[in-house]
Amino acid sequence: MARLFGTDGVRGEANTKLPPELAYKLGRAATIYFGQHSEGTPQILIGRDTRISGEMLESALVAGICSAGGNAILAGIIPTPAVAYLAKKLHAAAGIVISASHNPFQDNGIKFFGGDGYKLPDKVEDDIEKIVHDMESGRDFDRPTGEGVGHIERRQNLLEDYISFVMNTTTERFDGMKIVLDCANGAAYRAMPTVLERLGAELILIGDKPNGININDYCGSTHMENLRLKVLKSGAAIGIAHDGDADRCLCIDERGEIIDGDHIMIICAKLMLAANALPDKTIVATVMSNIGFRQAVEELNLACEITAVGDRYVLENMRANNHKLGGEQSGHIIFSDYSTTGDGLITALQVLTAMKKFNATASELNALMTTYPQILLNVRVKDKSSWQNSAVKLAIAEGEAELGTSGRILVRPSGTEPLIRVMAEGPDKNQLMRICNKIAAEVEKCAL
């Protein structure tokens with residue numbers, strides 16, 4: 001039986017791969033699990049992004065929670081990192097986010113945070129999943145009646161609590177700074193404009209009018225072209241882009257160049273070094289980080305630890321070794337002094353703070369790192385477990401031999417989509433494209 005939980009919760013097309021019946025079972029199973037490990041009635045916080053299916057799945061989750069005797073606290077539309085922060089602040093048993101992050105609107109997802117604000121360990125997800133499977137096999141669990149049935153509490157003030165928290169992660173103001181902000185028509189559409197306006201920024205907004213079906217639709221951190229054009233046309237100092245659930249941040253400098261997660265980590269490392277806030281002098285990154293990132297780390301006299309792809313693996317390393325800064329090229333950046341997960345709003349404020357502290361333009365900070373050309377091809381497959389064969393391995397080996405020590409190749413399955421990602425990095429873009437196309441062609445043969 002395939003594992004229900006992926007690398008970032010349970011995700012799929014809403015109402016088919018992720019139907020409300022499953023959401024009900026997940027809400028019920030989570031309440032049963034946390035009820036066994038909590039004193040008193042488990043309180044479970046729920047937040048969601050702007051997808052049209054969010055209310056449907058929220059209602060099903062709430063029914064499951066209440067049927068198992070738990071209380072549901074509804075925060076409404078709110079960024080993913082806000083749920084992590086608020087679950088801990090409210091001493092909730094768990095937090096649940098209804099979002100499929102950067103995926104198109106027809107997808108949705110359900111992911112959990114513990115009461116400590118961290119994503120659940122695999123073991124806990126497995127225990128919740130087992131309860132779901134037990135239900136599907138006909139086992140019924142206790143059903144409280146009367147006063148034992150759970151209730152629902154809608155809390156309109158929770159977004160304001162999170163906004164105040166985010167603002168307190170910087171001591172700078174940005175009065176008069178012209179910023180283009182792309183909220184991806186997602187979960188940040190109210191929170192981030194409020195944060196920046198209160199800190200004095202002059203805002204130009206895009207992706208701030210969600211209608212349920214336009215989340216990530218040619219906007220946000222996965223579609224940066226409109227943001228780039230708006231920055232250049234308006235003469236803004238910087239452009240900021242979030243993804244659908246706002247745990248990511250990417251930027252555009254005033255010259256129209258992307259500031260990706262690798263560059264952001266270098267910028268923030270320099271800022272933290274200047275403030276003596278990086279005592280371990282170490283950054284945690286993933287195998288996807290650019291070769292240029294590792295060179296920039298060395299130039300700052302820092303160490304770098306490399307993990308598998310996924311912010312959860314970055315965070316595991318950070319927690320195990322008490323590191324302060326880590327993240328991914330995609331824009332998941334974790335500041336352990338502030339947050340228990342990637343937070344796109346905090347990330348953006350740290351970049352803006354660096355601009356102020358160093359009296360530097362966004363492009364000057366972007367130039368702290370040189371990015372090597374990188375080609376990434378996504379090959380759609382039916383079964384992510386059956387893509388490897390000798391022909392694929394041979395194509396990879398031939399490409400590695402051709403690049404030598406001047407580049408690298410990484411082929412891996414996506415953790416959230418039915419894709420095999422083929423990546424090559426090195427000084428010659430045409431060479432990289434030829435190598436990637438050859439490997440991708442062999443992977444496609446496996447998918448037939």
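Me: Two strands pair if DSSP finds at least two bridges between them. What makes strand 12 and strand 13 a pair?

Reply: Strand 12 (residues 282-286) and strand 13 are joined over five bridges, running in the parallel sense, so they pass the cut-off of at least two. One place to look is alanine 285, whose bridge partner in strand 13 is isoleucine 306. Keep in mind that this is a predicted model, in which local features need pLDDT of at least 70, side-chain atom pairs count only at pLDDT 80 or more, and totals for chains, interfaces and linings use all residues. Residues are numbered from 1 along each chain as its sequence is written, and side-chain values use heavy atoms, with hydrogens and water left out.

Me: How do you know where a strand or a helix begins and ends?

Reply: Both are DSSP runs, numbered from the N terminus: H or I over at least four residues for a helix, E over at least two for a strand. Helix 8 spans residues 261-274 and has 14 residues, so it qualifies.

Me: What makes strand 13 and strand 15 edge strands?

Reply: Strand 13 (303-307) and strand 15 (333-335) each pair on one side only. They belong to an open sheet of four strands with the order 13-12-14-15 and mixed pairing. On average, neighbouring strands here are turned by 20 degrees against each other, direction ignored.

Me: Which strands are the edges of the five-stranded sheet, and how are its strands ordered?

Reply: That open sheet runs 8-7-9-10-11, again with mixed pairing. Strand 8 (202-206) and strand 11 (258-259) are its edges, each pairing on one side only. Strand 7 (residues 178-182) runs parallel to strand 8, with five bridges between them. Within that pair, valine 180 has isoleucine 204 as its bridge partner.

Me: How do you know which strands helix 7 lies across, and how it is angled to strand 7?

Reply: Contact means heavy atoms within 4.5 Å. Helix 7 (residues 225-234) lies across strand 7, strand 8, strand 9 (238-242) and strand 10 (249-253), at about 165 degrees to strand 7. Such angles run from 0 to 180 degrees between N-to-C directions, with axes fitted to C-alpha atoms, for helices over the stretch in contact. Helix 11 (residues 344-357) also packs on this sheet, touching strand 7, strand 9 and strand 10.

Me: Why is helix 8 called mostly covered?

Reply: Eleven of its 14 residues are buried, which means they have under 20% relative accessible area (exposed is over 50%, partly exposed in between; 1.4 Å probe, protein chains only). Among the buried ones are Ile264, Ile266, Ile267 and Leu271.

Me: How do you know whether the length of helix 8 fits its residue count?

Reply: The expected span is 1.5 Å times one less than the number of residues. Helix 8 reaches 20 Å from its first C-alpha to its last, close to the 20 Å expected.

Me: Why is aspartate 245 called buried or exposed?

Reply: Its relative accessibility is 1%, so aspartate 245 counts as buried. This residue is in the loop between strand 9 and strand 10. Contacts of aspartate 245, leaving aside neighbours within four places in sequence, include Pro79, Thr80 and Ala187.

Me: What makes its link to lysine 111 a polar contact?

Reply: A polar contact is a pair of N or O atoms within 3.5 Å; within protein, one must be able to donate a hydrogen and the other to accept it, and residues adjacent in sequence count only if both atoms are side-chain atoms. The side chains of aspartate 245 and lysine 111 come to 3.1 Å, and those of aspartate 245 and serine 101 to 3.4 Å.

Me: Is asparagine 359 buried or exposed?

Reply: Asparagine 359 has 71% relative accessibility, so it counts as exposed. This residue is found in the loop between helix 11 and helix 12 (362-366). Its phi is positive, about 50 degrees, although it is not a glycine. Alanine 246 also has a positive phi, about 70 degrees, but alanine 246 is buried, with a relative accessible area of 0%.

Me: What makes a group of residues a nonpolar core?

Reply: It is a set of buried Ala, Val, Leu, Ile, Met, Phe, Trp, Tyr and Cys residues joined through side-chain atoms within 4.5 Å. The largest one has 67 residues, and Leu196 and Leu352 have the most contacts inside it. A second, separate core of 34 residues includes Phe5 and Val10.
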